[in-house]
Amino acid sequence: MAKTKISELENATQILHALESKQTALAEARAHDEATMAACSYEAHTGDQRAAAKLETLQGRAIKRDVEARNLASAIEEARRRVAAAQNAERNAEEMEAAEELLELATIMRDVGAKADKALKAFIEAANDIKKVIVATNQRGLANPSATQLQALGRRAILGQIVDSPFAKEFEHIAPRERQNFAAFTGSWASAIERFASQQLNIKGDGEESAA
């Protein structure tokens, strides 16, 4: 299985934690040596050669560890700087990615806004055409459908669609059983008009045959 590549931030953070752990271990070792030095100092300064040798060893180690502690402190300071730089780079990368996504969203926003306007215009044109057909059928002797029916059913159809839009709270709520559908009721009207027209044609046809 291929190893997952770690990010610069993860790498810098791991190094910082390792250095801080090293610093903690060094501090504990120094504290232990200081306690040991305190314990053997009296013997070392009162003629105990073994204690004196041990004290000298501890003092040399203490000097070495002081230097190591300073170096570690410098390394940790640099590690923290690198962590901060990696965090900043990662944040910048995220912001750039977000900015690119925002540009794409802006394009979509413009497109869907134009689509909404176009759809509204098409709806208004279609609604006006329905009304024109109703007026024409009324002029040809058919009382139904009427403009009043269009107003009532059309209103319920519009409200029924709006309940699924972001503007639902701005309009009257309509229960599912009361909702209408333009295609359904205009289709029903069209069928009624066709039946009426067919009957008229049959009546006229039968009359002409009888006259003949």
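In this predicted model, helix α1 passes helix α2 in a left-handed crossing. The axes of α1 and α2 come within 8 Å and cross at roughly 160 degrees. Because an angle over 145 degrees counts as roughly antiparallel, α1 is described as roughly antiparallel to α2.

**Residues of helix α1**

Two residues of α1 can be followed in more detail, beginning with D33, which is placed in this helix, a run that covers residues 8–44. Is D33 buried or exposed? With a relative accessible area of 5%, D33 is buried, because the cut-off for that class is under 20%. The side chain of D33 is joined to the side chain of R61 by a polar contact of 3.1 Å. When residues up to four places away in sequence are not counted, D33 touches L58, R61 and R65, and R61 is thus named both as a residue that D33 touches and as its partner in the polar contact.

The other residue is T36, which is also found in helix α1. T36 has a relative accessibility of 18% and counts as buried, since that value still falls under the 20% limit. Leaving aside neighbours within four places in sequence, T36 is in contact with K54 and L58. L58 therefore appears among the residues touched by D33 and also among those in contact with T36.

**Aromatic rings**

A pair of aromatic rings is described by the distance of the centres and the angle of the planes. By the ring-pair rule, the count for this model comes to three aromatic pairs. One of them is formed by F123 and F182, with the ring centres 5.6 Å apart and 75 degrees between the planes, an edge-to-face arrangement. This pair links distant parts of the chain, with F123 in helix α2 (residues 49–139) and F182 in helix α4 (residues 182–211), 59 residues apart. F123 is partly exposed at a relative accessible area of 30%, and F182 is likewise classed as partly exposed, at 22% relative accessibility.

Another pair is formed by F185 and W189, whose ring centres are 4.9 Å apart and whose planes stand at 55 degrees, so the pair is tilted. F185 and W189 both lie in helix α4, four residues apart, which is about one turn of the helix. F185 counts as buried at 5% relative accessibility, and W189 counts as buried at 12%. Through ring pairs, F123, F182, F185 and W189 are linked into a cluster.

The accessibility values of these aromatic residues are set out below.

| Residue | Relative accessibility | Class |
|---|---|---|
| F123 | 30% | partly exposed |
| F182 | 22% | partly exposed |
| F185 | 5% | buried |
| W189 | 12% | buried |

**The loop after helix α2**

P145 is found in the loop between α2 and α3, the latter covering residues 147–162. P145 counts as buried, at 4% relative accessibility. Which residues is P145 in contact with, leaving aside its neighbours within four places in sequence? They are I134, T137, N138, W189 and I193. One of these, W189, is also a member of the aromatic cluster, and W189 lies in helix α4. P145 and S21, by contrast, are 124 residues apart in sequence and 86 Å apart in space, taken from C-alpha to C-alpha.

Technical notes. Residues numbered from 1 in each chain as written. Predicted model: local features only at pLDDT ≥ 70, side-chain atom pairs only at ≥ 80, totals over all residues. Heavy atoms only, no water. Phe/Tyr/Trp six-rings, centres within 6.5 Å; stacked < 30°, edge-to-face > 60°. Buried < 20%, exposed > 50% of the residue type's maximum accessible area, 1.4 Å probe, protein only. Polar contact = N/O pair within 3.5 Å; in protein donor to acceptor, adjacent residues only side chain to side chain. Contact = heavy atoms within 4.5 Å. Axes fitted to C-alpha atoms, helices over the stretch in contact; angles between N-to-C directions. Parallel < 35°, antiparallel > 145°, perpendicular 65-115°, else oblique. Left-handed = near helix turned anticlockwise from the far one by under 90°.
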